[in-house]
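Here is a short briefing to read with the model open beside you. The points are grouped by topic, so feel free to jump to the part you need.

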There are 2 protein chains.
Amino acid sequence: MPVLQPIVNIAELLVQQGITDVVVSPGSRSAPLTLAVARHPRLRVRVMADERSAGFVALGMAQQSRRAVAVICTSGSAVYNLAPAVVEAYFQQVPLLLLTADRPHEWLYQQDGQTIDQPRLFGAHVKRSYDLPADYTHADARWFIERSINEAILFSQQTPAGPVHVNVPLREPFYPAADEAFRYEPVRTIDWLRTEATLPAEIWHRLLTEWERSERTLIVVGQHPPDPALLTVLQQISDELGVPVVGEITSNLPRNDLFITQTDTLLAGLTPDVAEALRPNLLITLGNSVLTRNLKTFLRQYPARQHWHLTENPDRLTDAFQSLTTLIPVSPRLFLEKLFADLDYQRFLQGDDDDDSEGFAFRQHWQRADRQARRLVQQTVFGPDVPFTDWSATARVLEALPANSVLHLANSMPVRYANLCGVDARQQISVYANRGVSGIDGCLSTAVGAALQTDRLVTLLTGDVAFFYDRNALWSAPVPPNLRVVLLNNDSGHIFRMIDGPSRQPELETYFETPHGYTAQRTAADASLSYRACDNVDELASLLPDFFLPGDQAKLVEIKTDKLANQHQFATYKASF
Amino acid sequence: MPVLQPIVNIAELLVQQGITDVVVSPGSRSAPLTLAVARHPRLRVRVMADERSAGFVALGMAQQSRRAVAVICTSGSAVYNLAPAVVEAYFQQVPLLLLTADRPHEWLYQQDGQTIDQPRLFGAHVKRSYDLPADYTHADARWFIERSINEAILFSQQTPAGPVHVNVPLREPFYPAADEAFRYEPVRTIDWLRTEATLPAEIWHRLLTEWERSERTLIVVGQHPPDPALLTVLQQISDELGVPVVGEITSNLPRNDLFITQTDTLLAGLTPDVAEALRPNLLITLGNSVLTRNLKTFLRQYPARQHWHLTENPDRLTDAFQSLTTLIPVSPRLFLEKLFADLDYQRFLQGDDDDDSEGFAFRQHWQRADRQARRLVQQTVFGPDVPFTDWSATARVLEALPANSVLHLANSMPVRYANLCGVDARQQISVYANRGVSGIDGCLSTAVGAALQTDRLVTLLTGDVAFFYDRNALWSAPVPPNLRVVLLNNDSGHIFRMIDGPSRQPELETYFETPHGYTAQRTAADASLSYRACDNVDELASLLPDFFLPGDQAKLVEIKTDKLANQHQFATYKASF
């Protein structure tokens, strides 16, 4: 057996456990892992030189596939460069398998190159850390490697999914000798069966009773990947039980006649009267973080008497609105489906059809406010004499998105502008944003990862700071031709101009916005992206149809707007409340 | 007192404790820290949008000033982006004060934005971690902040210097109200006196006896910042006591008639006979990591009977050559100065002048080998019919460096090529390289930081992968006009072609070298750098004089070489042993 055979076998284990994709950053210490995955006929391997990008590319791929993507890097600071993506994946609950090469530990603190204290490097921001042995002569060491890789993959994918770190100390020689056979041995896979948590009957009936007692129930959906089955049951509950369902663009709750999506606008400048009218008795939440500050503030200031949070396999009390009364640790979708089925059956038995109950009135109240908010947004972005701004451009781009495509929203302003607009249900857009920890550091790489993993068109809406920060996303691999980058270039970190505090400081431009004067033209040319620029609405309208056509090249459109126009539009909008 | 006054006072404490420079990345959570330092008339504040670059820029500044540089960033993944620079600073022993804004801890795991588990985030890779309170009403909380900042600054600068992390949870509001006075209160500084460790007389005399008993003593200097006093005593010891002193370009040991600097070449292909002739009885080491693999291997394979390692305030047994017998925990310079003084005095008393002792013969043996090695390198890079390669270009660039300038060497091939050449003592070059953990991730940013901190010309010699990886170094701040970037662009991670293992693999180009096709022309244009390119020796020779002239703009020269020529030259060189 070649010395590194247990490492070579890791590639076979990945395949047997259903992993299809690996992102590799070049390195010599990591070469045994790289060769093992590169030579495996059933693994697709992408190479990204910048580990920070590599991590986010893997995140974007795993978001699409809903399966763990493996990431391989060499030892030393390379590993730390994965950390921004790791922490985003942890809080966004996306499975990643981090295979980091290391020197054997006896070399730590011995002035040896690229040697840092790697085991448990990601601390609390991975679901679990493994540290493989550097010597494989004892059978137990090989058993440990095989068992750990099985566990790491399966555990990363269990709900809540997340990153798992496997540190891999490796001794030289890293490369097979010229006469050395290279083959994968049969490996032992271990299956870890999936379960469904259900509530005991007495608890279930208690909840049903409480549900029926509440006449003002509100469902709020935080960030959530696209889930048609969840959408169906939410529609049924809202439509047939008269419950308002509130969501955001990052909840993948589209704009339709039923859902409340203009939350940021409708909850702005709330008077106590209106707030009381919108206040639920029973709040049910699911999904990850809520984007809209107005929604968070409303739910905290006007807490429901009862707040149920639905989440599978929690290990904490997440109390985002400071009103939690009941943690319901089951699959939100299964819970809601059973709830709807039971209530629907009851209604059938009772011949009940009380669409004019207080519940329906409550829903209508929310829906009316939503429609009003939508009109205000429409006027703000499409009204007469509206200048060409980031927000107006965003609205037009969203309306032009091809049906059934993927939308990535960068932090920090683009995701907010897009949320203010929403996307129409008929467009069937799948929406993603790095709202786990809301950094700007990997938005472009994440979109590149998505485009590598899907055949659908992937459009990233990004500001200039997030774009240039992460431009190494475009450097290494061929940029996938189904990527579209819509770059709102206002030459600075514009969010600081939009929020109250910094915009009043004399340091605004120098220390917060940091204008750089860059356009993306040269970056696009370096990366062989088709490039167009525009600075008015007619140009934008005329180039979008072509822009969204499929082609053999990724495309970038740079939308240049004026910071004062942006600021003025937003201030006028805010003053209207 | 404004609520955030204790945070504002941190800026005053920095100044009182001698900190002059701060690198800030924009953020809202960090705004109180940013405003506090930006408004202080005695702090120079630089803004870098990419935190990864910000960390390395601060490292480059602190290398020059030998004082802690403060780094401020916002909460969330921003903090993790500092980590690559933090771990490099830790192992390179450069003082940094990391002030990371945080949400108050009660918001952790509550689906709130940019909230991660920040306290102790850098684990073992900072000297110490502090976590400030979020509430300041109790006097003890204010006492804790003041005392901790004092301690953090002083402790970061104590030998061995290194990064210290101060996590700063901050409650809203972050910005002073319009009518709020902004001022710095008087702060209490605490002084922590410096000591010098000395050896008790009986130990000292035992060492002196052992020194005198050894007739084959070798001094090896690892990575070390420029230190004229150290150089002086090393010259005296070598010259007058006949001890060979071995160093590398990163030791800041220049090429002169005395020092042994061609180690990589002279120890290549060593026969056992020659190795025995070069083997010391007593090895004395100082400084950080050794660059040259041949030197490490030689010292491990032919261990001295005694190995003394000189290092101030160690907390571990660092045994890089697996031969350590005695850790001498005192300042290497003071030890060597006292050693030389005592021995010199003894020689004076004894009228001793035995230049023909075995010690001098041993030194001459090393020096002869060094001169031979130097001739071989000269032939390889300057001989007739030598192609235009990275190595040859490096040699010409090093010879053309302006006197008294600063040289930064990027990982991984440039630092090796430069070490093979060395720099002449008459040029008085100060040499830096990120050999703490030897990453490519921040070499450009570190050089930018150096150029911001010194008026001397700073030349970075870099390969293309390290250059593009870290190009955000050029994005935010105006690039300092005293920066010169010499870019060896062979369109890939060339080191993999040079080392034995990967160059034999069919995966060499795709998974290791990763050619990208980029030239730096557009990057230079975006960053307003003067740009020249060349692909032959005459062009290079003709443009270097202008390139090194002072000017009002940073300059970049892109040297394009052929990978096969590089590989061939290196292979021929290696085959000559």
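## Briefing on the predicted model

Pro173(B) sits in the loop that runs between β6 (163-169) and α6 (201-213) of chain B. The peptide bond leading into this proline from Glu172(B) is cis, with omega near 0°. Please keep in mind that this is a predicted model. The points below begin with such backbone details, then turn to the pairing of chain B with chain A, and end inside chain A.

**Backbone details worth a look**

- A cis peptide bond also joins Asn411(B) to Ser412(B), here with omega near -5°.
- Ser412(B) belongs to the loop between β12 (406-409) and α14 (413-421) of chain B.
- Gln111(A) is not a glycine, yet its phi is positive, at about 55°. To find Gln111(A), look in the loop between β4 (96-102) and β5 (128-131) of chain A.
- Ser528(B) is likewise a non-glycine residue with a positive phi, of about 60°. Its place is the loop that links α20 (521-526) to β16 (530-534) in chain B.

**How the two chains are related**

- Chain B is superposed on chain A by a rotation of 180° with 0.0 Å of shift along the axis, and the RMSD is 0.0 Å.
- The two copies are therefore related as by a two-fold rotation axis.
- If you want a landmark for that axis in chain B, go to Arg522(B): its C-alpha is the nearest one, 2.8 Å away.
- Both copies use the same surface, as 100% of the contact residues of chain B recur in chain A.

**The interface between chain B and chain A**

- On the chain B side 85 residues are in contact, and they meet 86 residues of chain A.
- The two chains bury about 7,600 Å² between them, with 53% of that area on carbon and sulfur atoms.
- Which three residues supply more of the area that chain B buries against chain A than any other three? They are Tyr109(B), Gln111(B) and Trp475(B), and their share is 11%.
- Between chain B and chain A there are 12 salt bridges. Arg39(B) and Glu507(A) form a salt bridge through their side chains, with 2.6 Å from N to O.
- Polar contacts across this interface number 48 residue pairs, counted where both residues have pLDDT 80 or more.
- Helix α4 (residues 77-92) of chain B gives the most to the side that touches chain A, namely eight residues.
- By residue type, the side of chain B that touches chain A has 39 nonpolar, 27 polar and 19 charged residues.

**Domains within chain A**

- The domain assignment splits chain A into domain 1 (2-169), domain 2 (201-371) and domain 3 (384-575).
- Taken over C-alpha atoms, the centres of domain 2 and domain 3 of chain A are 31 Å apart. Their contact draws on 16 residues from domain 2 and 20 residues from domain 3.
- Domain 2 and domain 3 of chain A bury about 1,600 Å² between them, and carbon and sulfur atoms give 49% of it.
- In domain 2 of chain A, the residues that lose the most area to domain 3 are Ile249(A), Arg255(A) and Leu291(A), which together make up 45% of what that side buries.
- How many salt bridges cross the interface of domain 2 and domain 3 of chain A? The count is one. Arg255(A) is in a salt bridge with Asp424(A), with the closest N and O atoms 3.7 Å apart.
- Also across this domain interface are 11 residue pairs in polar contact, both residues being at pLDDT 80 or more.
- The side of domain 2 of chain A that touches domain 3 consists of four nonpolar, nine polar and three charged residues.

**Salt bridges over the whole structure**

- Over all chains, the structure holds 55 salt bridges.
- One salt bridge to inspect is that of Arg188(A) with Glu146(A), whose closest N and O atoms are 3.8 Å apart.
- Arg188(A) lies in the loop between β6 (163-169) and α6 (201-213) of chain A, and Glu146(A) in helix α5 (residues 139-157) of chain A, so this pair ties together parts that are 42 residues apart in sequence.

Conventions: Residues numbered from 1 in each chain as written. Chains lettered and ligands numbered in written order. Predicted model: local features only at pLDDT ≥ 70, side-chain atom pairs only at ≥ 80, totals over all residues. Heavy atoms only, no water. Least-squares fit on C-alpha atoms with pLDDT ≥ 70 in both. Contact = heavy atoms within 4.5 Å. Buried area = accessible area lost by both parts, 1.4 Å probe. Salt bridge = Lys/Arg side-chain N within 4 Å of Asp/Glu carboxyl O. Polar contact = N/O pair within 3.5 Å; in protein donor to acceptor, adjacent residues only side chain to side chain. Helix = DSSP H or I, 4+ residues; strand = E, 2+ residues; numbered from the N terminus. Nonpolar A, V, L, I, M, F, W, Y, C, P; charged D, E, K, R; others polar. Domains from an automatic or database assignment.
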